[in-house]
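Subject: Structure handover and findings

Dear colleague,

Please find below the structure for your review. My notes on what was found in it follow directly after.

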Amino acid sequence: MTSPAVRAVRLGPRSVAALVLVGAVGVAAFGWPFLAPPDSQVGAHAEDAPWLFAGLLVLLVAVVAATISESGLGPKAVAMLGVLAATGAALRPIGAGTAGIEPMFFLLVLSGRVLGPGFGFVLGSVTMFASALLTGGVGPWMPFQMLAMGWFTMGAGLLPGAARLRGRSELGMLACYGFLAAFAYGTVMNLAGWPFMGTMASNISFDPHAAVPANLARFLAYCLATSMGWDLGRAVCTVVLTLTLGPAVLRALRRATRRAAFETPVTFDAPGA
């Protein structure tokens, strides 16, 4: 009989509300080129938009992390978060600049699966923040990366069968999710930079005066021309590592969560007891 899944963070109503809020703002931050009508004044401030949205996302991600922490991010979960975030940050530079080989993604998929969506969102955001500091990748794009990675890892925690599904079926599901989510992450991150190309590539750059279908065609051409090969490498790397190292990593994560007993409060003996 399979034991119930252990969650490092239990999402309460406030945490869910905070996640919905940051998700809505994130959709606006990433998708404003398709949400703003052609005759709006948003396009006139295109150069300011990344800084505005970046500052807003930093505040919202901090609010979400604080809200989730109030729902049960205890000292054991904080220790686990630190270990996994440091490991993920250390894995990111491996293969950087080589065909999208990014082993960090497979670890976050498995961690989100075992530890749940709340922990997954915080882990994805913190890992991306730490890796940006490690690699020097700090800029207006960093909050977008933090949010996108938070979504990526949270999605793994929302997959079905967390308590019962095991073995090849679970690995197959995680590999499929990792493959699709790797492309989704790359596509979402393209939205963070595509509107600010200016006139560097007139046929695929964002046109604030064009209709949504025309800009959508330009965006798809931009993705095919700039990131498709990188996203494919990331997706294949995630699948291969999930299928080969996944069983051992899942066992280690589940063993660590059982021993940590996140849902058991920490107590201290009184002096002289």
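T127 touches L84, A85, G88, A89, M104 and L108, leaving aside residues up to four places away in sequence. T127 itself belongs to helix α5. Because its relative accessibility is 0%, under the 20% cut-off, T127 counts as buried. Please note that the model is predicted.

As to the overall architecture, the chain holds nine helices and zero strands. Of its 273 residues, 49% count as buried. The accessible surface of the chain comes to about 13100 Å², and 70% of that area belongs to carbon and sulfur atoms. Among contacts between residues at least 6 apart in sequence, 83% join residues at least 24 apart.

The interior deserves a separate paragraph. The largest nonpolar core comprises 57 residues, and those with the most contacts inside it are F30, F119, M149, F152 and Y185. Helices α1 (13–35), α3 (75–91), α4 (104–115), α5 (117–135), α6 (142–157), α7, α8 (212–226) and α9 each supply at least two residues of this core. In soluble globular proteins, nonpolar side chains tend to be buried together. Which residues does Y185 touch, not counting residues up to four places away in sequence? Y185 touches F105, M128, Q145, A148, M149, F152 and R234. Two of these partners, M149 and F152, are also listed among the core residues with the most contacts.

On the surface, F179, L180, L232, V236 and V240 make a nonpolar patch of about 420 Å². Helices α7 (167–193) and α9 (228–260) each supply at least two residues of the patch, and α9 gives the most, with three residues. F179 lies in helix α7. Why can F179 belong to a patch, for which a relative accessible area of over 30% is needed? The relative accessible area of F179 is 31%, so F179 is partly exposed and meets that cut-off.

Finally, a word on confidence. The mean pLDDT of the chain is 77, and 71% of its residues reach 70 or more. Among the elements of the chain, helix α4 has the highest mean pLDDT, at 92, whereas helix α2 (residues 49–70) has the lowest, at 62. Where pLDDT is low, the predicted coordinates should not be read in detail.

With kind regards

Note on methods: Residues numbered from 1 in each chain as written. Predicted model: local features only at pLDDT ≥ 70, side-chain atom pairs only at ≥ 80, totals over all residues. Heavy atoms only, no water. Patch = residues over 30% accessible without salt bridge, like charges linked within 9 Å, V, L, I, M, F, W, Y side chains within 5 Å. Areas by Shrake-Rupley, 256 points an atom, 1.4 Å probe, with all protein chains shown as cover. Salt bridge = Lys/Arg side-chain N within 4 Å of Asp/Glu carboxyl O. Helix = DSSP H or I, 4+ residues; strand = E, 2+ residues; numbered from the N terminus. Buried < 20%, exposed > 50% of the residue type's maximum accessible area, 1.4 Å probe, protein only. Contact = heavy atoms within 4.5 Å. Core = buried A, V, L, I, M, F, W, Y, C linked by side-chain atoms within 4.5 Å. pLDDT = per-residue confidence, 0-100.
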